[in-house]
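This briefing covers helix packing, the nonpolar cores and one cysteine. The structure comes first.

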Amino acid sequence: MENKLQRNGDTKENNVVKKKLNWSGSLIVASLTGAFGSSFLYGYNLSVVNAPAAFIKKFYNETWERRYGFSVDESTLTLLWSITVSIFAIGGLVGAIIVTPIVKFFGRKCTLLFNNVFAVTAALLMSLSLLAGSFEMLILGRVIMGVDAGISLSALPMYLSEISPKEIRGSLGQVTAIFICIGVFTGQVLGLPEIFGQESRWPYLFGAIIVPSLVQVVILPFLPESPRYLLLEKHNTSKAERAFQTFLGKEDVSHEVEEVLAESRVQRNTKLVSVLQLLRTRAVRWQVITVVITMACYQLCGLNAIWYYTNSIFSEAGINHKTIPYVTLSTGAVETVAAVFSGLVIERLGRRPLLIGGFGLMVVFFAVLTVSLTLQKTVHWLPYLSIFCILAIIASFCIGPGGIPFVLTGEFFQQSQRPAAFMIAGTVNWLSNFTVGLLFPFIQGGLQTYCFLVFAAICFAGATYLFFVLPETKNKTFHEISQAFAKRNKVSLELQEMNHCSGERKSNAEQESNFTSSVGNGETKKGIV
């Protein structure tokens, strides 16, 4: 009995030591630096245009009048402003489309570094637009900044998922969402009148984009490339071992290398799959569908509508107009705290409860918000309930739907499928973003406060789908996750692996015979990590 208790104690102690070893200094620095120069800028550019909106519109009007001798009409000004805001999503779509060949040739880390060219170029264009008297520079800068965001929201989660041990893959993956929230909050803070929220200072809001880019360019080159990329795509074992040693903080990485080599043995005669090949692969059909649905719900769940109503709801609650920008900071703070909380508990609770629970809570609070907004003029305390619902919806979004879709995309697919999978996820993400921006004014105009019921229905549909389809991926290898989907895809695991390989096999006959030989020798059955 004593021996058994001692063994249990030793096991717990070993688990604690193992957990501590997982979080090496290099792993933390790589994730923070990568996110600061990538997802942080995406969040920052979502919120940075809100505070100086009136000053930018005035700049547009003055530029138009100086060029043509008359003021711009209201409809044209509204169109120019709408283009300025929404064209960010068009740039994002372009970035999501071009990211696959970039990460293939440059690698994950080098793609993040290369992406800073877009960020710095965009920052210079937007910050100098007032001095140059050209609003076209600001619009072009927003497009280029969108390209940067489209690339980073695919390359960063890919990099984080490949450098992290499976025990902390979810927590490290949530760094993407946490820095998006921090970026939104930073944009709100810097937009305050005491800082850059003044007519003469608004260009500095865009010039500040250079700072995270420079930090990433200075630090990231000293950190390794993704070891999985080095081993499976570059076939450089020595560099991959050194990368594993750096990120895991230990000398003996033979177990980790062997796990990846098991996948390498299956993929040695294969190449990266295209988007079309991935869509045709039956073995990952439900993984692709799940990624598409989670990414669509991520954008269509109504958080943009919440930002639209925030100021009016705070005003109805009796908050002074000049005080509202400061009170709005509470939304960014709640968003950040909820995202950090999700990162801390994701490895305990798992992806599935947080994602389904987040969408479920949003359904409840959207319903309550609809009632409170409809009746708020009849009961004096209802505006305060509306404020609570807004904060609760933001928190519900950030604990699950705000970051886990990026984590799942990295977990569902094998090395050769991952770039195409992130391209699909990014395309759906940015198309949905653009759709919301295009259609929401019409939905809001037609349904008024009842527009939130549309978003409640989308969240309910997403939660229902995930409840029946999504398996738990916490602490599971890629091989185990493939097994979880095998039955739903109506393929056996062995057939799944053969489909994966045959979909990517090179065309010459010699390589085909080599692959058949490896299957015959049982290498395929050793499993994909």
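The buried residues of helix 12 pack against helix 2 (25–36), helix 3 (39–47), helix 6 (108–127) and helix 11 (202–207). This is a predicted model, in which local features need pLDDT of at least 70, side-chain atom pairs count only at pLDDT 80 or more, and totals for chains, interfaces and linings use all residues. Residues are numbered from 1 along each chain as its sequence is written, and side-chain values use heavy atoms, with hydrogens and water left out.

**Helix 12**
- Ile210, Pro212, Ser213 and Gln216 are buried (under 20% relative accessible area, 1.4 Å probe, protein chains only) in helix 12, residues 210–219.
- Seen down the helix axis, the buried residues of helix 12 fall within an arc of 165°, so they line one face; the arc is that of the directions from the axis to the C-beta atoms.
- Helices are DSSP runs (H or I, at least four residues), numbered from the N terminus.

**Nonpolar cores**
- A nonpolar core is a set of buried Ala, Val, Leu, Ile, Met, Phe, Trp, Tyr and Cys residues joined through side-chain atoms within 4.5 Å.
- The largest has 129 residues, and Tyr60, Leu278, Phe359, Phe366, Trp430 and Phe452 are those with the most contacts inside it.
- Domain 1 (24–223) and domain 2 (273–509) both give residues to this core, so it lies between them; the bounds come from an automatic or database domain assignment.

**Cys459**
- Cys459 is found in helix 24 (residues 451–469) and counts as buried, at 0% relative accessibility.
- Leaving aside neighbours within four places in sequence, Cys459 is in contact (heavy atoms within 4.5 Å) with Cys301, Phe359, Met362, Val363 and Phe366.

Notes. Buried means under 20% relative accessible area, exposed over 50%, partly exposed in between (1.4 Å probe, protein chains only). Helices (H or I, at least four residues) and strands (E, at least two) are DSSP runs, numbered from the N terminus.
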